Amino acid sequence: MSLSDSESNSHGGDYKFFRQITRDRLLVEMLGSTKVAGDTRSTWKVFIMDKVTMKVMSHACKMSDITDQGVSLVEDLFKRREPLPSMDAIYFMQPSKENIVMFLSDMSGREPLYKKAYIFFSSSISKDLINHIKCDTSVLPRIGALRELNLEYFPIDSQAFVTDHERALHELYGENVENSRKFDACLNVMATRIATVFASLKELPCVRYRAAKTEESTDFRETVPSKLATAVFNCISKYKSIPNFPQTETCELLILDRSIDQIAPVIHEWTYDAMCHDLLDMDGNKYVLEVPNKKSGELEKKEVVLDDNDPVWLELRHVHIADASERLSDKMTNFVAKNKAAQMQQSGRDGEISTREMQKIVQSLPKYNEQMEKLSLHVELAGKINKIIRQIGLRDLGQLEQDLVFGDAAAKDVISYLRTNQDTSSENKLRLLIIYAIVYPEKFEGDKALKLLQLAKLPEEEMLVVNNMRLLVGSSATKKTTTGGGFSLKFDNQKKKQAARKDRTGEEETWQLFRFFPMLEELIENVSKGGLPKNEYACLNEPSPIQQEAKGSARKSNAPVAPERKAPAHSMRSRRTANWAKPRNSDDGYSSDSVLANASLDLRKMGQRIFIFIIGGATRSELRVCHKLTTKLRREVVLGCTSLDEPPQYLMRLKTLLDADVPAKERQYGFAAF
């Protein structure tokens with residue numbers, strides 16, 4: 001029996017991305033380690049988890065992955081279970097007193113539920129709980145392993161995870177929450193889960209955070225990133241005793257909150273991924289569509305999952321919806337042209353077919369059906385999105401949103417739009433007004449704001465959203481920051497052109513309505529080149545000058561140089577998709593479309609990882625940026641957040657920020673007035 005963490009290291013050998021390392025730890029290091037060496041017999045085991053660890057597994061692995069490791073039955077720790085005294089059990093659970101009591105109940109006495117128990121804790125266990133286990137002498141001989149796996153985060157993407165704190169804004173930024181029990185509990189659990197990311201990857205981060213705007217600031221909301229950074233640093237420091245854990249910094253972590261960019265959660269993002277989640281009725285990554293029954297022909301509901309196992313989704317999710325539509329059309333044409341079964345179905349030709357040709361057709365049928373189903377799904381989704389865009393006139397709204405952000409539109413344009421587009425949904429009008437309030441805060445106060453709400457036919461209560469948004473920024477929101485990376489509701493009024501963003505130089509020309517970029521993009525680039533202002537982004541453990549020089553030289557040798565040219569602001573298009581999002585080696589439009597697979601070939605020499613954590617939720621545009629910059633910088637950028645939010649979710653959380661005890665899932669996303 002041993003109490004230790006993994007001795008595996010994510011460095012060395014073939015480079016593995018964040019989610020793959022997570023899967024390997026769960027499947028190989030945890031489940032695989034319970035197999036007896038030299039025992040070739042099939043020894044099936046029971047796998048027991050609590051609610052949190054069950055969610056960890058479901059985010060990282062498929063059921064088939066688990067059964068491949070010799071698990072025949074998956075059970076809930078707190079549900080009544082049938083005794084299986086001839087089988088071993090694997091426990092993966094949080095190190096809580098309730099879980100330990102339940103485990104001891106299972107395995108103590110003359111007739112335990114299972115023959116032997118292998119125990120893995122999702123985070124560090126206290127000495128008191130270890131002693132509690134040791135006190136039961138009937139259980140000790142039945143324990144095959146007792147280890148801290150230190151893995152308590154939820155991977156939602158190959159390069160992203162959440163800590164599952166959907167109420168983070170309420171519990172950390174709400175009314176009278178400072179130093180409350182909920183505030184401390186939320187912060188501590190969040191810190192523990194973030195720290196287990198670094199325990200899993202065997203990484204020691206240089207911990208940076210967004211500092212309060214002034215040293216004299218009295219608003220506790222401005223200190224939340226620093227408090228979380230300190231808690232994370234304290235947790236990670238304990239891991240230095242783990243075998244093979246690095247003693248010097250190996251990566252970089254930047255902790256931010258939602259105030260760094262409040263445009264990103266509300267603006268319409270025009271990628272296929274963002275449009276699917278913004279315009280379609282999706283439940284997470286699941287979508288229900290109606291398909292004809294193969295036998296009866298009647299329509300029936302079918303649930304599909306858009307995830308990393310779908311190569312078409314992997315290729316197209318981060319490209320402009322118009323580009324995705326064109327490429328899907330090309331894929332379908334190429335697929336039919338190169339597939340025997342598809343040709344037969346399309347042509348319906350008569351005449352004799354040779355036996356050899358018939359064999360080829362039959363052999364291609366299973367693959368044909370699977371690939372045709374995938375392509376048809378995405379053709380249908382893209383078609384629905386384009387139809388909605390046309391029906392609600394989203395192009396005009398999207399153009400106005402981006403013109404506001406880049407300083408090419410003003411109050412008269414917003415007023416004109418609201419007057420001539422009365423049928424626009426209340427949610428979309430509110431999102432437009434939020435962007436306007438951010439760019440022109442002095443014009444969205446008092447009577448001016450109420451008149452705009454009246455023109456938009458929105459109730460006055462919607463001012464709560466804007467007021468609470470300002471609350472997140474902190475008491476010193478009116479003070480001008482000195483960097484484009486910082487965010488403030490007040491901007492330099494001396495500028496002739498008032499804007500929240502500047503067009504980025506060195507970017508490839510692309511589709512119209514693809515100008516917008518989240519502030520996170522500039523922040524990550526500044527992290528990579530060591531250019532974050534120290535007065536705005538403080539560091540808890542600044543690396544030594546020698547370490548920084550070594551990191552910098554390694555980075556320079558790998559980093560590509562972007563050409564110095566500026567993209568035109570409003571060309572319809574000249575180059576459809578940036579190179580980072582383009583697949584290669586795909587002659588049939590399907591077989592090699594995994595962007596991740598191509599990226600891994602291009603990025604064999606990876607630099608140090610960059611971790612970003614956003615308190616209050618991240619957006620799909622920010623996730624896209626992390627993938628983009630991983631390729632551009634040749635450093636894997638991992639995005640962490642309390643939750644990954646769609647615009648309606650974010651608006652709902654803003655509106656109810658100061659409401660006490662508002663359950664996150666008891667309200668519908670959106671507003672009663674809508």
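**Strand S3 and its neighbours**

Strand S1 (residues 45–49) and strand S3 run parallel, joined by five bridges. This is a predicted model. One pairing can be picked out by eye: Met49 has Phe92 in S3 as its bridge partner.

S3 also pairs with strand S4 (residues 117–121). These two strands are parallel as well, and five bridges link them. Look for Ala89, which stands opposite Ala117 in S4. How does the chain get from S3 to S4? It crosses through helix H4, residues 97–107. This β-α-β crossover is right-handed.

Now look along S3 itself, residues 88–93. In a regular strand, side chains alternate between the two faces of the sheet. In S3, Asp88, Ile90 and Phe92 point one way. Ala89, Tyr91 and Met93 point the other way. Are these residues buried or exposed? All of them are buried. The strand is mostly covered, with six of its six residues buried.

Turn next to the cysteines. A disulfide is a covalent bond between the sulfur atoms of two cysteines. How many disulfides does the structure hold? It holds zero. Take Cys206, which is in no disulfide. The nearest cysteine sulfur belongs to Cys539 and is 3.3 Å away. A disulfide needs the two sulfur atoms within 2.5 Å, so this pair does not count.

Cys206 and Cys135 sit in contrasting surroundings. Cys206 counts as buried because its relative accessibility is 0%, and the cut-off for buried is under 20%. Cys135 counts as exposed because its relative accessibility is 64%, and exposed means over 50%.

Note on methods
Residues are numbered from 1 along each chain as its sequence is written. This is a predicted model: local features need pLDDT of at least 70, side-chain atom pairs count only at pLDDT 80 or more; totals for chains, interfaces and linings use all residues. Side-chain values use heavy atoms; hydrogens and water are left out. Buried means under 20% relative accessible area, exposed over 50%, partly exposed in between (1.4 Å probe, protein chains only). Helices (H or I, at least four residues) and strands (E, at least two) are DSSP runs, numbered from the N terminus. Two strands pair if DSSP finds at least two bridges between them. A crossover is right-handed if, with the strands pointing away from the viewer, the path from the first strand over the helix to the second runs clockwise.
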